[in-house]
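Work through the exercises below with the sequence and the structure at hand. Try each task before reading its solution.

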Amino acid sequence: MSKIAVLGYGVVGSGVVELFYKNKESILKKIGKDADIKYILDIRDFSDSPYKDKFTKDINDIVNDDEVTMVAECMGGATFAYDFVKACLMSGKNVSTSNKELVAKKGAELLAIAKDKNCNFFFEASVGGAIPIIRPLHKCLAANEITQIAGILNGTTNFILGKMINDNMDFDTALKMAQQLGYAEKDPTADVEGHDACRKICILSSLITGKHIYPESVYTKGITDITLKDVKLAGKFGAAIKLIASVRKLADGKIIPMVSPTLVTYDNLISRVDDVFNAVMVCGDGIDRALFYGRGAGKLPTASAVLGDVIEQLKTEGRGTDTAQTWVDCDNSEIVADYKNAECRMYFRVSGASDIRPENIEIIEDADELVFVTQKISFAEADKLEASITSNGGKVEAKLPVLDI
Ligand code: NDP
Ligand code: HSE
């Protein structure tokens, strides 16, 4: 009999327990042997829970129990979760986590410990919620050279943008709703400032390069400056504004990962992804492109991904570790190129007296404000254009990339 421990009984952890017992019979058939949840670790009191006998507040109960071979970490953060996951791996237990902060900050170290201890460190739930993306990237698409990934990787911000655009809801009310639905991070600044999407693109970038890409190396901008005015003007241009996380491989092998509110034209399926849904477009030299779509956050969708890892581990137990899902530490300056070299069309909204009309622009509006989209230019050239507009008496109120995938 395989014994499982769940760390954290919040939104995701309680979903893992609920979905396991709801579908236990079919899950055990898939695993091919008996299995049960032996422990649930949480600091809160759950003496009224039907699972009250499984609760512990002491990680050592789990670490020192040889019966436990699989641990699902759903606590969040990179302090206690890091200590606990490390202790579990050190004692030879396999771990699955939904915690992207932990994977983005400590992935290389934890993967190395897992390899050393001949166990697995899985994190399918850390990117895209319910969407299978980690395993497809390093298994189903392993034959490809992955050249570009771009998509919506944060459900909370997509939910907020949708409520603002479609229901005219203000930002704070929409954020409160996302929190009540269990989508947002404990500190929702991580969602709205783009840090959560940044952690996720770091994980995908690490997978496709085999090198740990750290959040500090990634240009990251959130949605807090997005106005309804820009949303409407983007619509006039034929685009939706989405928080896009992306990574592109350059000819010299370096990558440019970034997170930014971005205009996505209506001919791109990603522009139609609404509510808490995420979508990830993957480009490879064999496949051309593949789009992954599904619920990006929430209790049962995320639990589904955590339990997918648990089932994968328990059914293959004793058959070695998953060596394909790994990366090593590296100096990011050697692999991450300056985002200012990235090229795409740029949306500008300019107020004031500037009479600058760059060549080859598509003008969206030329009334109180000048609103236009440039041809493909680099972020550095866009900065130069902004400087010349400013020195000519204008003010750039908004400057956003247009998605090119
Ligand atoms: P919650 O805050 O709902 O749940 C975390 C639980 O762990 C809480 O009950 C918390 O207690 C408990 N906990 C925290 N620290 C400790 C500790 N040191 N010892 C024991 N228990 C502890 O978070 P979520 O379930 O929403 O998220 C968990 C992880 O999954 C995070 O990394 C998150 O980013 C990730 N994730 C979340 C998704 C979602 O839709 N919510 C989707 C995908 C990933 P207390 O509340 O008292 O701190
Ligand atoms: N806060 C995250 C989101 C949870 O909204 O996408 C899923 O990782």
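**Exercise 1. Decide whether Lys200 is buried or exposed, and find where the residue sits.**

Step 1. The relative accessible area of Lys200 is 4%. Buried means under 20% relative accessible area, exposed over 50%, and partly exposed in between, with a 1.4 Å probe and protein chains only. Lys200 is therefore buried.

Step 2. Lys200 belongs to helix H10, residues 195-209. Helices (H or I, at least four residues) and strands (E, at least two) are DSSP runs, numbered from the N terminus.

Step 3. With neighbours within four places in sequence left aside, Lys200 is in contact (heavy atoms within 4.5 Å) with Lys100, Ser126, Val127, Leu153 and Asn154.

A note on the model: it is predicted, so local features need pLDDT of at least 70 and side-chain atom pairs count only at pLDDT 80 or more, while totals for chains, interfaces and linings use all residues. Residues are numbered from 1 along each chain as its sequence is written, chains are lettered from A and ligands numbered from 1 in the order in which they are written, and side-chain values use heavy atoms, with hydrogens and water left out.

**Exercise 2. List what surrounds ligand 2, and find polar contacts to this ligand.**

Step 1. A residue is near a molecule if one of its heavy atoms lies within 4 Å of it. The residues around ligand 2 include Lys100, Asn154, Thr156, Glu185, Asp196 and Lys200.

Step 2. A polar contact is a pair of N or O atoms within 3.5 Å. The side chain of Lys200 has an N or O atom 2.7 Å from an oxygen atom of ligand 2. Thr156 places a polar side-chain atom 2.6 Å from an oxygen atom of the ligand. For Glu185, the partner of the polar side-chain atom is a nitrogen atom of ligand 2, at 2.7 Å.

Step 3. On its own, ligand 2 has 260 Å² of accessible area, and the protein covers 93% of this. Accessible areas come from the Shrake-Rupley method with a 1.4 Å probe.

Step 4. Helix H7 (155-167) and H10 are the elements that give two or more residues to the shell around ligand 2.

**Exercise 3. Do the same for ligand 1: which residues come nearest, and how much of its area does the protein cover?**

Step 1. There are 24 residues around ligand 1, and Asp42, Lys100, Glu185, Lys186 and Gly298 come nearest.

Step 2. A polar side-chain atom of Lys186 is 2.6 Å from an oxygen atom of ligand 1. Asp42 also has a polar side-chain atom by an oxygen atom of this ligand, at 2.7 Å. At Gly182 a polar backbone atom is used, 2.8 Å from a nitrogen atom of ligand 1.

Step 3. Of the 880 Å² of accessible area that ligand 1 has on its own, the protein covers 84%.

Step 4. The shell around ligand 1 takes two or more residues from each of helix H1 (11-22) and helix H4 (80-90).

**Exercise 4. Which residues of H4 are buried, and what follows the helix?**

Step 1. Ala81, Tyr82, Phe84, Val85, Cys88 and Leu89 are the buried residues of H4.

Step 2. After H4 comes Gly92, with a positive phi near 85 degrees.

Step 3. The C-alpha atom of Cys88 is 9.3 Å from that of Asn60, and the two residues are 28 apart along the chain. Asn60 lies in helix H3, residues 59-63. Its relative accessibility is 41%, so Asn60 counts as partly exposed.

**Exercise 5. Where are Asp288 and Asn360, and what is the sign of phi in Asp288 and in Asn360?**

Step 1. Most residues other than glycine have a negative phi.

Step 2. Asp288 is in strand E12, residues 288-295. Its phi is positive, near 70 degrees.

Step 3. Asn360 is in the loop between strand E14 (346-352) and strand E15 (362-366). Phi of Asn360 is also positive, near 60 degrees. Asn360 counts as exposed because its relative accessibility is 56%.

**Exercise 6. Is Ala190 buried or exposed, and what does this residue touch?**

Step 1. Ala190 lies in helix H9, residues 189-192. Its relative accessibility is 11%, so Ala190 counts as buried.

Step 2. Neighbours within four places in sequence aside, Ala190 is in contact with Glu185, His195, Asp196 and Arg199.

How values were computed. Polar contact = N/O pair within 3.5 Å; in protein donor to acceptor, adjacent residues only side chain to side chain.
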